[in-house]
Amino acid sequence: MRLALFQPAIPQNVGACIRLSACFGVSLHIIEPTGFTFDDRAMKRAALDYGPLSHMTRHAGWDAFQEARGPGRLVLFTTKGATPLTDFAFRPDDTLLFGSEPSGAPDDVHAAADARVVIPIRPEARSLNLAVSAGIGLFEALRQTGLRRGGR
Ligand SMILES: C[S@@+](CC[C@H](N)C(=O)[O-])C[C@H]1O[C@@H](n2cnc3c(N)ncnc32)[C@H](O)[C@@H]1O
């Protein structure tokens with residue numbers, strides 16, 4: 001199981017995802033460009049001291065990520081036309097991909113995904129925060145595929 005963030009713009013969200021990847025023992029892939037630099041104080045503050053426990057890889061762009069990501073499905077979390085999280089069956093080698101905060105994932109990324117998953121929320125609400133949706137999606141994926149303490 002891997003987490004991937006498409007062009008994240010808010011450093012606190014990436015910091016929270018660094019902490020997620022550290023706590024659950026999954027690798028984190030950042031698809032650049034990002035809306036901040038990696039010495040950002042807000043990102044480091046949100047990540048606390050979990051950085052060394054996290055396995056983070058930065059990719060120069062979408063094509064570089066696609067070449068490097070290896071086997072397994074690309075499962076895009078999106079509010080657009082998707083299978084509800086509650087109906088989706090994850091596999092251990094899935095990559096869970098999340099869109100950027102202002103605009104989500106573009107059409108070509110939607111087209112490249114093997115599956116699209118939506119976390120059901122109230123119809124009058126637009127979307128969840130990026131790091132919150134990553135936490136919900138990752139926990140469900142690990143629950144289905146065999147969450148175990150101490151990483152995987
Ligand atoms: C703040 S949201 C982006 C909002 C953007 N306006 C949109 O509609 O996609 C950032 C990312 O969090 C994830 N996300 C947020 N809410 C979600 C939901 N209800 N279901 C699935 N993914 C969600 C998606 O990956 C999304 O691209």
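User: Into how many nonpolar, polar and charged residues does the shell around the ligand divide?

Analyst: This is a predicted model, and the shell around its ligand holds 16 residues. Among them, F77, G99, G104, S127 and L128 come nearest to the ligand. By residue class, the shell divides into 8 nonpolar, 7 polar and 1 charged.

User: What mean pLDDT does the protein have?

Analyst: For the complex, the predictor gives an ipTM of 0.97 and a pTM of 0.95. Within the protein, 97% of the residues reach a pLDDT of 70 or more. The mean pLDDT of the protein is 93.

User: In what order do the strands of the open sheet stand?

Analyst: The sheet is formed by 7 strands, and their pairing is parallel. In general, strands of a sheet pair through backbone hydrogen bonds, either parallel or antiparallel. The order here is β3-β2-β1-β6-β4-β7-β5.

User: Which strands stand at the edges of that sheet?

Analyst: The strand order runs β3-β2-β1-β6-β4-β7-β5. A strand at an edge has a single partner strand, so one side of it is left without a neighbour in the sheet. The edge strands are β3 (55-59) and β5 (83-84).

User: With which strands does β4 pair, and over how many bridges?

Analyst: Strand β4 covers residues 74-77 and pairs in the parallel sense with β6, residues 95-98; here L74 stands opposite T95. Strand β4 also pairs in the parallel sense with β7, residues 115-118, where L76 stands opposite R116. The partners are therefore β6, over 4 bridges, and β7, over 3 bridges.

User: Which residue is the bridge partner of A4 in β2?

Analyst: Strand β1 (residues 2-6) and strand β2 (residues 27-31) run parallel and are joined by 5 bridges. Within this pairing, the bridge partner of A4 is H29.

User: At which residues does UniProt place the feature "binding site"?

Analyst: The record is an unreviewed entry, and the feature it lists falls on G99, I119 and S127. These positions span 29 residues in sequence, yet no two of their C-alpha atoms are more than 13.5 Å apart, so they gather at one spot. The residues named by UniProt are G99, I119 and S127.

User: Is G99 buried or exposed?

Analyst: G99 is found in the loop between β6 and α4 (107-112). Leaving aside residues up to four places away in sequence, G99 touches F6, T78, G104 and A105. Because G99 has 23 C-beta neighbours inside 10 Å, and 20 or more are needed, G99 counts as buried.

User: How many other C-beta atoms lie within 10 Å of S127?

Analyst: The place of S127 is in the loop between β7 and α5 (130-145). S127 is partly exposed. The number of other C-beta atoms within 10 Å of S127 is 16.

User: Which residues does W62 touch, not counting residues up to four places away in sequence?

Analyst: W62 is found in helix α3 (residues 62-68). W62 is partly exposed, with 17 other C-beta atoms within 10 Å. The residues W62 touches are I31 and V109.

User: How far apart in space do the end C-alpha atoms of residues 2-138 lie?

Analyst: For residues 2-138, the unreviewed UniProt entry lists "domain: tRNA/rRNA methyltransferase SpoU type". The span is 31% helix and 21% strand. The end C-alpha atoms of the span lie apart by 9 Å.

Technical notes: Residues are numbered from 1 along each chain as its sequence is written. This is a predicted model: local features need pLDDT of at least 70, side-chain atom pairs count only at pLDDT 80 or more; totals for chains, interfaces and linings use all residues. UniProt positions are given in the numbering used here, feature names are shortened, and annotations may be inferred rather than shown by experiment. Helices (H or I, at least four residues) and strands (E, at least two) are DSSP runs, numbered from the N terminus. A residue is near a molecule or strand if its C-beta atom, placed from the backbone, lies within 6 Å of it. Ala, Val, Leu, Ile, Met, Phe, Trp, Tyr, Cys and Pro count as nonpolar, Asp, Glu, Lys and Arg as charged, and the others, Gly among them, as polar. pLDDT is the predictor's confidence in each residue, from 0 to 100. Two strands pair if DSSP finds at least two bridges between them. A residue is buried if 20 or more other C-beta atoms lie within 10 Å of its own, exposed if 12 or fewer, and partly exposed in between; C-beta atoms are placed from the backbone. Two residues are in contact if their C-beta atoms, placed from the backbone, lie within 7 Å.
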